[in-house]
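The report below describes a structure in running text, with one small table. Please read it with the sequence and the coordinates at hand.

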Amino acid sequence: MASSTIISLFGQSPIKPLQNHMHTVFECTEQLNDFFVAVCAEDWPAAEAVYNKIAELESAADDQKQDIRLHLPKSLFMPINRSDLIHLLSKQDKICNKAKDIAGVILGREQTVPKKIAADLKAYIKSAVAVVLEARVVIDELDELIGSGFGGREIDRINKCIIKLDKAENKNDKRQIALRSKLHAIEADLPPVDVMFLYKTIEAIGHLADRAQSAGEQIQIIIAR
Amino acid sequence: MDILNEYGQILLILAIIFGVFMAWGVGANDVANAMGTSVGSGAITLRQAVLIAMVFEFAGAYLAGGEVTATIRKGIIDPLALQGTPEYLVFGMLAALLAAGTWLLIASMVGWPVSTTHSIVGAIVGFAAVAISVDAVNWGKVSTIVASWVVSPLLAGTISYLLFKSVQRLILDTATPFENAKRYIPIYMFMVGFMITMVTLIKGLKHVFKDASFKLSYPEMFVIAAVVGVLVAILGAYLMSRVKLNDSANDDDRFANVEKVFAILMVFTACAMAFAHGSNDVANAVGPMAAAIATIKSGAITAKSTMPSWILLAGGIGIVVGLATFGYKVMATIGKKITELTPSRGFAAELGASCTVVLASGIGLPISTTHTLVGAVLGVGLARGIAALNLRMVGNIFTSWVITLPAGAILSIIFFYVFKAIFS
């Protein structure tokens, strides 16, 4: 009765589930490190095992995403704009979709990596995953942002995290350029389809980092309102 | 007159039974709303909440509940309109108690959000306007009451908004929130102690010390209230000094320690909330009961009749029993479900709501504690303090206004005619 007045006044906070989703996304993309180690070693059964794990985590993230959306009725009054929140969620989700795509296509044609760029490619994927980690750090500040009641100091903290995120993405861009020129130097000796394909993969990994950066920066839009 | 002589004993017993039943209902349901936020925020345990509620509900009812009781028992109906037929007032008040109690029971089974205050006011206005005459209702007073139902959530929301904003400014958004919390929270504690003492002195001592011709001037009251406030603040500061900064709480959880300090403040605001609730809502049960009993005893309607304090006492006991038998379960449910309200928010909501309710009690306006608290929580939400609030609830409150008033009125009209048929 009247007791339901107070109980039903409180909605379920979407913040923690949103952070959990980002953790799943990070865990998923992190697998790319192992995946590329297996690919460079041309150990296809191992690569497939990692791919399966990536697919599993990607689908877990999808479930989490659905669940959060279901618990965001229009009548919910939040300190964060509802559409900004849904936007952030879909940006987070796109990160691990990309991770799955990258792994899936490579595994599909058992794409080998030339020895001369293997080390650079592994370093490149590592730095892309690092960008996702920085994005996760930003998302992890969300509950503190609400805890502080959107205080100026908390916003400063988040802005510092975002600067770190941008730096990580910048570093990743530079690695991408270096890796492309290395590939360019040896491309004449490789089968043309493989070369095209490797360029595509490099580009896709760049997109992965871009998406992570854009998810982290969505917080700035949330703060700005 | 004859009817009252003939059936006086039975009517008296009925009045006490219905009145205590209603008080039991208030204790079983309403108190849980008022206190559930404290339990939900983890500031106090269920057992502590029940103990605090017992002491402060009772104190509030006894010390500051007289004004609202007076409104309910003689403010809504114009006693002069019933001069010739005092038995109608008795039937009507019994009908109102039974109607409100029945309606609360029905609504609680269906799960509608209703307010005891709205039920009882609707019931009294209903029987008076329809069964007696439209002129029997003091419409000026009723419109003030209805206006206060709109104003009280707004006022509570505004106070809570400002309180939470001050917490943000002084404590949360600083370099050393833990230290600042310890420094500034005693001020809020002072406010709690000052407010409760002031209301008690102005409203309560009037009837406690009425025989001893004990009288205080306003400056004297002010000083006493300030002294009590300082004592409360010192007690709070002592309790807070025992809170140790948890070093293991890492950077990721910066506000956990601050919330621990706020949890102590919330014990104090929980007391204030229980006091405020007791001062306002006990009248819902006691008011009609007192009106009926006074009329039966004197055999006539006397506008200036004084109310025996044992009636307020009975109401207070009814509330406590309701809380002990049923209310703690409701409180446990609320406590489990409200986890989003941390102590730094809960205190702002409770203090805003209790200030408003105590103010209304002082003026003698029966308002809904639950709705006031909802307004206060929304105020904290507007200050960007709560992660998710369900706005559908606001619509539910409007629905409860639209449904509860006629429902209480219709039921009380029916019961009124039933009593009239039985006893005349």
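A residue counts as buried here if 20 or more other C-beta atoms lie within 10 Å of its own, and as exposed if 12 or fewer do. The model is a predicted one, and by that criterion buried residues make up 43% of the 225 residues in chain A.

**Chain A**

Chain A holds eight helices and one strand, which run α-α-α-β-α-α-α-α-α from the N terminus on. Along the principal axes, its C-alpha atoms fill a box of roughly 75 × 35 × 20 Å. Of the contacts in chain A between residues at least 6 apart in sequence, 86% join residues at least 24 apart.

One helix pair of this chain can be described in detail. The axes of α2(A), residues 15-40, and α5(A), residues 115-140, come within 10 Å and cross at roughly 175 degrees; the two helices are therefore roughly antiparallel to each other, given that angles over 145 degrees are counted in that class. Among the residues that make the contact are Met22(A), Phe26(A), Asn33(A) and Phe36(A) of α2(A), together with Leu121(A), Ile125(A), Val129(A) and Arg136(A) of α5(A). By class, the contact of α2(A) with α5(A) has 13 nonpolar, four polar and five charged residues.

**Two helices of chain B**

For two helices of chain B, the span expected at 1.5 Å a residue can be set beside the distance between the end C-alpha atoms.

| Helix | Residues | Number of residues | Expected span | Distance between end C-alpha atoms |
|---|---|---|---|---|
| α8(B) | 218-241 | 24 residues | 34 Å | 34 Å |
| α12(B) | 369-382 | 14 residues | 20 Å | 20 Å |

The expected span agrees with the distance in the model for α8(B), and likewise for α12(B). In α8(B), the residues Ala225(B), Gly229(B), Val232(B), Ala233(B), Gly236(B) and Met240(B) are buried. An α-helix has 3.6 residues a turn, so residues three or four places apart point the same way. As for α12(B), 13 of its 14 residues are buried, so this helix is largely enclosed by the rest of the structure.

**Positive phi values**

Most residues other than glycine have a negative phi. Arg384(B), which follows α12(B), has a positive phi of about 60 degrees although it is not a glycine, and it lies in the loop between α12 and β1 of chain B. Glu110(A) also has a positive phi, near 40 degrees, and is found in the loop between α4 and α5 of chain A. Is each of these residues buried or exposed? Arg384(B) is buried, with 20 other C-beta atoms within 10 Å, whereas Glu110(A) is exposed, with 11.

**The contact between the chains**

The contact takes 43 residues from chain B and 29 residues from chain A. On the side of chain B that touches chain A, the elements supplying at least two residues each include α4, α6, α10, α12, β1 and α13, while α1(B) gives the most, with six residues. The residues on this side of chain B divide into 22 nonpolar, 14 polar and seven charged.

The strands of the two chains also meet: β1(A), residues 76-77, pairs with β1(B) in the antiparallel sense over two bridges. Within that pairing, the bridge partner of Leu76(A) in β1(B) is Asn390(B).

Key
Residues are numbered from 1 along each chain as its sequence is written. Chains are lettered from A and ligands numbered from 1 in the order in which they are written. This is a predicted model: local features need pLDDT of at least 70, side-chain atom pairs count only at pLDDT 80 or more; totals for chains, interfaces and linings use all residues. Helices (H or I, at least four residues) and strands (E, at least two) are DSSP runs, numbered from the N terminus. The expected span of a helix is 1.5 Å times one less than its number of residues. Two residues are in contact if their C-beta atoms, placed from the backbone, lie within 7 Å. Ala, Val, Leu, Ile, Met, Phe, Trp, Tyr, Cys and Pro count as nonpolar, Asp, Glu, Lys and Arg as charged, and the others, Gly among them, as polar. Two strands pair if DSSP finds at least two bridges between them. Axes are lines fitted to C-alpha atoms, for helices over the stretch in contact, and angles run from 0 to 180 degrees between N-to-C directions. Angles under 35 degrees count as roughly parallel, over 145 as roughly antiparallel, 65 to 115 as roughly perpendicular and the rest as oblique.
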